[in-house]
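Please look through the sequence and the structure below before reading on. The report that follows takes up one topic after another under short headings.

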Amino acid sequence: MKPKIELDINGYIYNYKLFESLKSLKKTQSIRKTSQKLNISHSALDRKIKNAENKLGFKLVKNNYGSGTTLTKEGLNLIKIYNQYQIRLNESNKINIAGGHIVSGLLESISNDIPFDISVFSSDDESAFELGKRNLIDILALDDPLIGFQNNLDFTAIGYDYLTLVSNNKSSPIKTIEDLNGKNFVSVKGSAQRLVWDTLKQKHVKFNIIKEVKSQFDAFKIVKNNSDLYTFLNASYFHGNDILKVETNHIISLIEVNDNKKENKEFIEYMLNKGQNKIFEQGFKPIKPWKIN
């Protein structure tokens, strides 16, 4: 089984034969050579192209007398769009993983030391989840399990992490939770910081979120340059005050998106067993401590 692409443009369907004809024409610059290559008549190919042009409302090819037939700017753009979708269909030998900045950073760090060929794309959990819904990745990696719970996803926890309080060296010292009362924070979208805000609300500690960013590294830079700001970041990557260590303990996890690639299951199984040692070396708490050598 091999899928073929068709595109819906302004209500008309154009199948892969048109686009493959245009791709061939781009190379041969000859209607005659392209028709021979595709094993169709010269007139049939010419008719196919003209019918498409009439529906689209613009020219796909132009005759350069004395130098062959080439694609117009619009024709080249159409081929570009078609190729983008074609790339998505082609099965890659690599395991394509997208996820939050923390867990994707972990996977990127150990990628050369594991028996799998992986490509890792770093984003926030929500953006990575959108890629997963469109089946553009093989595995979804989450910094925070919230999306997994909300969407009833079958996720595999591979390690624990917690959040540490990060501030400027000149900031007021924080010794108790009550010391956070009235403080200003930078929040990180899609991170496990929800555990912090829920805890502070439960403790009746008032706080102000004055800025939201997508990356923990951006939050770190902002806070380090401002003595009036605080943030909570993953302890596996950042040093800070462990005042809410227990309250912010959470899992990092993997979710199989493409169940047609056997390597995906093997990779998740590896991370849950032999890979636990590597997870520990990267500063995370392993799910299975008995697997640590």
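## The largest cavity

The largest cavity encloses about 50 Å³ of space, in a model that is predicted. The structure holds one cavity of 30 Å³ or more. The residues that line the largest cavity are G100, H101, S123, D124, D125, D143, V188, K189, G190, S191, K214 and Q216.

## The second largest pocket

The second largest pocket has a volume of about 250 Å³. Its lining is made up of 15 residues, and those closest to the centre of the pocket are D144, L146, G190, S191 and R194. Two of these names, G190 and S191, also appear in the lining of the largest cavity.

Turning to the elements around the second largest pocket, those that give two or more residues to its lining are α6 (125-133), α7 (146-150), β10 and α8 (194-202). Among them, α7 supplies the largest share of the lining, namely three residues.

## Aromatic pairs

A pair of aromatic rings is described by the distance of the centres and the angle of the planes. In this structure the count comes to 13 aromatic pairs. One of these is formed by F116 and Y270, whose ring centres are 5.6 Å apart and whose planes stand at 65°, so this pair is edge-to-face. Because F116 lies in the loop between α5 (101-110) and β6 (118-122), while Y270 lies in helix α10 (residues 262-272), the pair ties together parts that are 154 residues apart in sequence. F116 is buried, with a relative accessible area of 16%, and Y270 also counts as buried, at 13% relative accessibility.

What kind of aromatic pair do F185 and F232 form? The pair of F185 and F232 is stacked, with 6.1 Å from centre to centre and 25° between the planes. Since F185 lies in strand β10 (residues 183-188) and F232 in strand β12 (residues 229-234), this pair ties together parts that are 47 residues apart in sequence. Both F185 and F232 are buried, and ring pairs link these two residues with W197, F207 and Y230 into a cluster.

## A charge over a ring

An aromatic ring can also be looked at together with a charged side chain. In this model the charged end of K285 sits over the ring of Y160, at 5.6 Å from the centre of that ring.

## Two residues in loops

Is T248 buried or exposed? T248 counts as buried, because its relative accessibility is 0%, and this residue lies in the loop between β12 and β13 (250-256). A polar atom of the T248 side chain lies 2.9 Å from the backbone nitrogen of L163. When neighbours within four places in sequence are left aside, T248 is in contact with D161, Y162, L163, L195 and V196, so that L163 is named both for the short distance to the T248 side chain and among the contacts.

G182 is likewise found in a loop, the one between β9 (163-167) and β10. With a relative accessible area of 43%, G182 is partly exposed. If residues up to four places away in sequence are not counted, G182 touches K206 and N208. By way of contrast with these contacts, the C-alpha atoms of G182 and L60 are separated by 63 Å, and these two residues are 122 residues apart along the chain.

Key. Residues are numbered from 1 along each chain as its sequence is written. This is a predicted model: local features need pLDDT of at least 70, side-chain atom pairs count only at pLDDT 80 or more; totals for chains, interfaces and linings use all residues. Side-chain values use heavy atoms; hydrogens and water are left out. Rings of Phe, Tyr and Trp (its six-membered ring) pair if their centres lie within 6.5 Å; planes under 30 degrees apart count as stacked, over 60 as edge-to-face and the rest as tilted. Helices (H or I, at least four residues) and strands (E, at least two) are DSSP runs, numbered from the N terminus. Buried means under 20% relative accessible area, exposed over 50%, partly exposed in between (1.4 Å probe, protein chains only). A charge sits over a ring if NZ of Lys or CZ of Arg is within 6 Å of the ring centre and within 35 degrees of the ring normal. A polar contact is a pair of N or O atoms within 3.5 Å; within protein, one must be able to donate a hydrogen and the other to accept it, and residues adjacent in sequence count only if both atoms are side-chain atoms. Contact means heavy atoms within 4.5 Å. On a 1 Å grid over the protein atoms alone, a cavity is a set of points where a 1.4 Å probe fits but cannot get out, and a pocket is an open set with protein on both sides within 12 Å along at least five of seven lines; lining residues have an atom within 4 Å of a point. Grid points are joined across faces, edges and corners, and a volume is the space filled by probe spheres set on the points.
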